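Work through the exercises below with the structure in view. Each task is followed by a solution in steps.

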Amino acid sequence: MTARKLTINGRKVELQAGADMPLLWALRDVLGLTGTKYGCGVGLCGACTVLDGDRAIRSCQVGVGAAEGHSITTIEGLSEDASHPIQKAWLEEDVAQCGYCQPAMILAIRALLRENPDPTPAEIDAALSDHVCRCGSYPRIRKAALRAARLGGGK
Ligand code: FES
Ligand code: FES
């Protein structure tokens, strides 16, 4: 096994892992960052979404070897105190039901707002089209994403 050097939430970490250990495993099982969720494990549900720079990626589909040298952000790194505009919008719209899909949804919206600070409802739906919410809170997620855009969530 090799020492893998990763940057997670702005901090440099080193962990012993094979190159193909899924980043999701490293985040949850090795680093204890359990905000990132395991859903399907095959890239279909979106629950494991994190940011690679400004881009949303599925951490179950990326090995730690491929993540070396990249700047990865999980929900724990978005803000220290839930003060990020997207998190504020989420609270104001009372979005979450069980909450399982929510860290990924928030990070996917972050990626969208970086690219498109003023998305239409249809653009929000398109950005989340391959994210599954078992509770069906999609209308509130859309509303919160629009509010997050107004609060400057892409900045
Ligand atoms: S757990 Fe990665 S996409 Fe479902
Ligand atoms: S809020 Fe429960 S899965 Fe989305």
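The exercises deal with aromatic rings and their surroundings.

This is a predicted model, in which local features need pLDDT of at least 70, side-chain atom pairs count only at pLDDT 80 or more, and totals for chains, interfaces and linings use all residues. Residues are numbered from 1 along each chain as its sequence is written, chains are lettered from A and ligands numbered from 1 in the order in which they are written, and side-chain values use heavy atoms, without hydrogens and water.

**Exercise 1.** Classify the ring pair of Trp25 and Tyr38.

Step 1. Rings of Phe, Tyr and Trp (its six-membered ring) pair if their centres lie within 6.5 Å; planes under 30 degrees apart are stacked, over 60 edge-to-face, and the rest tilted. The count by this rule is 1 aromatic pair.

Step 2. The centres of the Trp25 and Tyr38 rings are 5.8 Å apart and the planes stand at 70 degrees, so the pair is edge-to-face.

**Exercise 2.** Are Trp25 and Tyr38 buried or exposed?

Step 1. Buried means under 20% relative accessible area, exposed over 50%, and partly exposed in between (1.4 Å probe, protein chains only).

Step 2. Trp25 has 36% relative accessibility, so Trp25 is partly exposed. Tyr38 has a relative accessible area of 39% and is therefore partly exposed.

**Exercise 3.** Which charged ends sit over the ring of Tyr100?

Step 1. The rule requires NZ of Lys or CZ of Arg within 6 Å of the ring centre and within 35 degrees of the ring normal.

Step 2. The charged end of Lys37 sits over the Tyr100 ring, 6.0 Å from its centre. The charged end of Arg134 also sits over the Tyr100 ring, 4.8 Å from its centre.
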